[in-house]
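The following paragraphs lead a new reader through one protein chain, step by step. Please keep the sequence and the model in view while reading.

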Amino acid sequence: MENETSVVEECVKDGSVFIEKMKLFFNPDFCRRAAIVIVAIVFLWLIYAVLKKIFKRVPDEKLKPRVKNIILKVLKYLFEIIVVIYVLNLFGINLNALFGAAGIAGIAIGFAAQTSLGNVISGFFIIQEHVFKIGDHIVVNGVEGNVETIGFLSIKIKTFDNQIVRVPNETIIKTNVENFSALKNRRICLYITVPNETDFSEALPNLTKAVESTALVLKKPECSVICNGFDDNGTTLRIVAWSKYADFLQCKSNLVVAINAECLRSGIKIQYPVFELTGDSMKIKAELCADGEKTSMRKEG
């Protein structure tokens, strides 16, 4: 019985000590500071939310999306830094000593962060040069797709396979960038090989008319069908047409169908590759045959 009483007394004593410590910690001064912190954070967050909403409502014609995106990121970082500094200062933490320690650590981190710094500097050059904007169709370092975001360290490209690829800004500065959507129109270039004995005085005008009458092909710049070169296999024709960027794929498909139909109508034979297997050694000989003749196999005896 006495043991149970002593246990209860110790528990009460420990509880009393804990309550006293909590009272010392949550003193009126601490509660006042905590209330000030909560009010300040809410106030700063409201200011940040209002500024964010204002910038988002600015039309893209007045403020480009990539610049708008960067400004919003800067506002976010400023909001977080101001809140942290204000809270530390309010609770009496020596910021000078903290910054001194951060400076020493910053030197060490700086050597390890040279790549990141290079990406940040490259990011400013990318923004300044206006090489591309969000939504553009680009190819950079073998990656093709539409630009999703432009950041301080990298850009993100959404490929046509529905994947997000991150490309560092420094890589973009050091390599060639192809922007297919920078201009309104795109050129479509196709090649076909026809027999050397083709009557080009009729074939070229007929193909040109077929290309010009194809749906989605632009009238200006003008289309062209020329003899690009010839050899023992036949004569290569180079067919050039222009379309709007948004119609590129569909227009190219229309051209292939129209050219094939005109060749069938005019009796123009398109050369196709054929493989001939000869001899017991199964040596493959690549040739060209006219009008899509089937692959032939012959065993020499």
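A residue is called buried when its relative accessible area is under 20%, exposed when that area is over 50%, and partly exposed in between. The model to which these terms are applied here is a predicted one.

The protein chain has 301 residues, and buried residues make up 27% of them. Its secondary structure comes to eight helices and eleven strands. Among the contacts with a separation of 6 or more, 54% are between residues 24 or more positions apart.

Helix H8 offers a suitable starting point. It spans residues 248–266, 19 residues in number, and from the first C-alpha to the last it reaches 27 Å, close to the 27 Å expected at 1.5 Å a residue. Which residues of H8 are buried? They are Phe248, Cys251, Asn254, Leu255, Ala258, Ile259, Glu262 and Cys263. Seen down the axis of H8, these residues fall within an arc of 165 degrees, so they line one face of the helix. The spacing agrees with a general rule: an α-helix has 3.6 residues a turn, so residues three or four places apart point the same way. The face of H8 turned away from the buried side carries Leu249, Val257 and Leu264, which are exposed. The cover over the buried residues of H8 includes strand E6 (185–194), helix H7 (200–212) and strand E8 (234–244). After H8 comes Gly267, with a positive phi near 75 degrees.

Strand E6, part of that cover, contains Arg186. Is Arg186 buried or exposed? Its relative accessible area is 16%, so Arg186 is buried. Not counting residues up to four places away in sequence, Arg186 touches His137, Phe180, Ala241, Trp242, Ser243, Tyr245 and Phe248. One of these, Phe248, is also among the buried residues of H8. The C-alpha atoms of Arg186 and Asp247 are separated by 9.0 Å, although the two residues are 61 residues apart along the chain.

His137, another residue touched by Arg186, leads to strand E1, which covers residues 137–140. In E1, His137 and Val139 point one way, whereas Ile138 and Val140 point the other way. This follows a general pattern: in a regular strand the side chains alternate between the two faces of the sheet. In E1 the residues pointing either way are all buried.

E1 pairs with two strands described here. With strand E2 (residues 143–150), E1 pairs in the antiparallel sense over four bridges, and the bridge partner of Ile138 in E2 is Gly145. E1 and E2 form a hairpin with two residues between them; in the turn, Asn141 has a positive phi of about 55 degrees. With strand E5 (residues 177–179), E1 again pairs in the antiparallel sense, over three bridges. Here Val140 stands opposite Val177 of E5.

Gly145 also appears in the surroundings of Thr159, a residue of strand E3 (residues 154–159). Thr159 has 12% relative accessibility and therefore counts as buried. Apart from residues up to four places away in sequence, Thr159 touches Val143, Glu144, Gly145 and Val165.

Some loop residues deserve separate attention for their backbone geometry. Most residues other than glycine have a negative phi, and most peptide bonds are trans. Asn162, in the loop between E3 and strand E4 (164–168), has a positive phi near 65 degrees. Asn162 is exposed, with a relative accessible area of 58%. Leu216 lies in the loop between H7 and E7 and has a positive phi of about 80 degrees although it is not a glycine. At a relative accessible area of 36%, Leu216 is partly exposed. Pro221 is also placed in the loop between H7 and strand E7 (224–231), and the peptide bond from Lys220 to Pro221 is cis, with omega near -10 degrees.

The last feature is the largest pocket, which has a volume of about 180 Å³. Which residues line the largest pocket? The lining consists of Pro195, Glu197, Thr198, Asp199, Glu202, Ala203, Asn206, Ser266, Gly267, Ile268 and Lys269. H7 gives the most to this lining, with three residues. The lining also brings the reader back to Gly267, the residue that follows H8.

How values were computed
Residues are numbered from 1 along each chain as its sequence is written. This is a predicted model: local features need pLDDT of at least 70, side-chain atom pairs count only at pLDDT 80 or more; totals for chains, interfaces and linings use all residues. Side-chain values use heavy atoms; hydrogens and water are left out. The expected span of a helix is 1.5 Å times one less than its number of residues. Buried means under 20% relative accessible area, exposed over 50%, partly exposed in between (1.4 Å probe, protein chains only). The arc is that of the directions from the helix axis to the C-beta atoms. Contact means heavy atoms within 4.5 Å. Two strands pair if DSSP finds at least two bridges between them. On a 1 Å grid over the protein atoms alone, a cavity is a set of points where a 1.4 Å probe fits but cannot get out, and a pocket is an open set with protein on both sides within 12 Å along at least five of seven lines; lining residues have an atom within 4 Å of a point. Grid points are joined across faces, edges and corners, and a volume is the space filled by probe spheres set on the points.
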